[in-house]
Amino acid sequence: MTIDQLADQLSTYLDTPRINQVRRAYYYAEQAHAGQMRRSGEHYITHPLAVAHILADMKLDHQSLMAAMLHDVIEDTGIPKDALAEQFGEPVADLVDGVSKLTQIEFRTRAEAQAENFQKMTLAMARDIRVILVKLADRLHNMRTLGHMSYEKRQRIATETLDIYAPIANRLGMHSLCTELEDLGFSFLHPMRSRYISKAVEKLRGSHREIIEEIQARVEEKLTERGMPGRILGREKHLNSIYNKMKFKHKSFHEIMDVYAFRIITDSTDDCYRILGAVHSLYKPLPGRFKDYIAMPKANGYQSLHTTLFGMHVNIEIQIRTEEMEQIANNGIAAHWLYKNDNSTAIEVSQRRVDRWVQGLIEMRERTDDSLEFIEHVKVDLFPDEIYVFTPKGKILELPGGATPIDFAYAIHTDIGNACVACRINRNLGSLSQPLQSGQTVEIITAPGARPNPAWLSFVVTGKARSSIRHVLKYQKRTESVELGKALLKKSLVGFGAKLSEISDQQRERVVKHNQQTDFDDLLGEIGLGNRMAYIIARQLTSDLNDDGRESDSASETPNVVSLQDNGRGSVTIRGTEGLLVRFASCCKPIPGDPVVGVMESGNGMVIHTDTCRRLRDKHGDRSALTHLKWAKDITDEFSVELRVELERQRGVIAEMASAVAKADGNIERINVEEQNARLSVVSLVVHVNGRRHLARVMRRVRNIRAVTHISRIRY
């Protein structure tokens, strides 16, 4: 294609001055790329021209077309952005700069490079969505000419296209571009499978022609009879779509291809529903296969009526939509520039949806620490199989398939998700982990001071929920590690006859610098996580450090007068609700009243054991590493304890034992018959109690059962 042919195409929707600006950009790019060739042996300028042609097919504005012509100028020819701004204006220079910044850069791993690239794309989209449209057109032409690349490059680029670019095109509602990217990606990634399916489709097409023509003729006749406007198009099944249905839905090739698909394009929304009635009177509709995406559009703005009919011994899929809906279905957000001056409501709604999605990406990016985690969250949102649920006030919310009430809560607002404690589904209390169904009304119950549960990460599906929960948990872990570190450091300082409040800022700064931390809170956090020993930091704080950060000789010779476990006065108080960084050992299951000690685990905080725990003795022979702890007096939480009960076999004895535990205000978590013979049984019983006194009461009740011969607490 030449620039003159492109100009002829542009004259159908752009005025002459704007076409001339596009021409000027072409000649500028031609000069800049002079002497550069593509792998195919063509002059380099053929690539920007082809990208502009793809955007012209979508009827994009003149600035996007100019950016398409110039998109490789900054990167490949060394011409600065300022020079482009001077020649073509700031908006075009910004677009070119945005597209240039999306090129690959060197990273430690390919995955990290892709992820970082995607972060850049998100920021570029937030500034001007046309950046991604130019990038998608650029990728499409590169995919069309990928055959000249090496096998490794073809595989990598095809995978990247299927993983990132095609889903983005789909999310922006650009169906035509998305399906071509998917089919090209599939053909390069799986060339033999692609050729096989393509031949099979070609073969079937001939045998299906008669039946397709007959169905089309009958539908046309029915529309003419009722005086309804509409053109009928046959719909082709795409290779990648056929392959995915065969692979993931386990359908046979003939099962997929025995569905005849048509699209009816009409003038108004009213006509869509009238035509639906007409086709339903012609062939029988299949129950449960009707979808109204006009009343409830998809997340990418797609609108259409979908129905599946049974007639002439085959299934017939029909989509009914207006011309405008057809444009949006094929070109998505790109159709915005075609209808820009028509005050189109559908386009405005589509634009708002895209803005909302891009804004959501920006929020997610701010909450994640690294690009790989960010892309993990985003990939979930790029493959939405939507469900539609209602708020109690009747507002519709779109969520991906499999979404839970937690996802719903975060979709309303991050604060509601963070404070969520329960939910009602259709006015009945429901589980927070159950997948929602379309049409349900969901009400979220919140509580002040509530916090996200780490277990939520195992069932939430939206990127927003996942990134928000991780963000809060990271902050919570940081806060708790600082608090625990402070408590441990205070206890250690008592052994040196010092208080934390008496340590000067200068001394704190010296110790922070010596330990290569950014501030004192970071140092406390490291102690709380178990990465630094509180005793060593306490010694550094109470000694003089030389200018090079080492302890002075006199300080290093100071004897370890009071080791941590010797110091009763400095015991750390625990309440049992410390959160992420204080865990109770599963081996000895300590409960309030037991003498307890804490062991620091690097990166994981403190694990609490009973003082007599055998496993603790085996692992930590040197007791100087242990921290003596004491229980707070007002603990109301429940703790798990395992009991071993030996009893005579009698009918109903297990029920009697459960009743005895309940009468002692205990809660049974698990009951298991370990071994039994004709006369005796051994039962393992895990109960919840709030301390040693409560445990004694439970054990007394169980021991009073006549059949029980022995009861003891199990500690591994």
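This text goes through a predicted model of a single chain, starting with the whole and ending with two buried side chains.

Confidence comes before any detail, and here the mean pLDDT of the chain is 81, with 82% of its residues reaching 70 or more. Two stretches call for caution: over residues 104–108 the pLDDT is below 50, although this stretch has 12 contacts in the model beyond near neighbours in sequence, and over residues 545–570 the pLDDT is likewise below 50, with 36 contacts in the model counted in that way.

Taken as a whole, the chain has 716 residues, of which 48% are buried, and its secondary structure comes to 29 helices and 20 strands. Among the contacts in the chain with a separation of 6 or more, 67% are accounted for by residues 24 or more positions apart. The surface that the chain exposes is about 35700 Å², and carbon and sulfur atoms supply 47% of that area.

One helix pair can be followed residue by residue. Helix α6, which spans residues 81–88, packs against helix α7, residues 90–100, at an angle of about 145°, and their axes are 7 Å apart; the crossing of the two helices is right-handed. On the α6 side the contact is made by K81, L84, A85 and F88, while α7 contributes E90, V92, A93, D94, V96 and D97. Sorted by class, this contact has 6 nonpolar and 4 charged residues, and no polar ones.

From this pair the reader can move to M66, which is placed in helix α4, residues 62–70. M66 touches F88 and V92, and its other partners, leaving aside residues up to four places away in sequence, are Q21, V22 and A25. V92 is 26 residues from M66 along the chain, yet the C-alpha atoms of M66 and V92 are separated by 6.9 Å. With a relative accessible area of 1%, M66 falls under the 20% cut-off and therefore counts as buried.

A second buried side chain is found further along the sequence, where F253 lies in helix α14, residues 253–257. Its relative accessible area is 13%, and because this value is under 20%, F253 is also classed as buried. Beyond residues up to four places away in sequence, F253 touches I197, A200, V201 and L204, together with I242 and M246. As for Y243, it stands 10 residues from F253 in sequence, and the distance between the two, C-alpha to C-alpha, is 8.5 Å.

Note on methods: Residues are numbered from 1 along each chain as its sequence is written. This is a predicted model: local features need pLDDT of at least 70, side-chain atom pairs count only at pLDDT 80 or more; totals for chains, interfaces and linings use all residues. Side-chain values use heavy atoms; hydrogens and water are left out. Axes are lines fitted to C-alpha atoms, for helices over the stretch in contact, and angles run from 0 to 180 degrees between N-to-C directions. Helices (H or I, at least four residues) and strands (E, at least two) are DSSP runs, numbered from the N terminus. A crossing is left-handed if the near helix is turned anticlockwise from the far one by less than a right angle, and right-handed if clockwise. Contact means heavy atoms within 4.5 Å. Ala, Val, Leu, Ile, Met, Phe, Trp, Tyr, Cys and Pro count as nonpolar, Asp, Glu, Lys and Arg as charged, and the others, Gly among them, as polar. pLDDT is the predictor's confidence in each residue, from 0 to 100. Buried means under 20% relative accessible area, exposed over 50%, partly exposed in between (1.4 Å probe, protein chains only). Accessible areas come from the Shrake-Rupley method with a 1.4 Å probe; for residues, only the protein chains shown count as cover.
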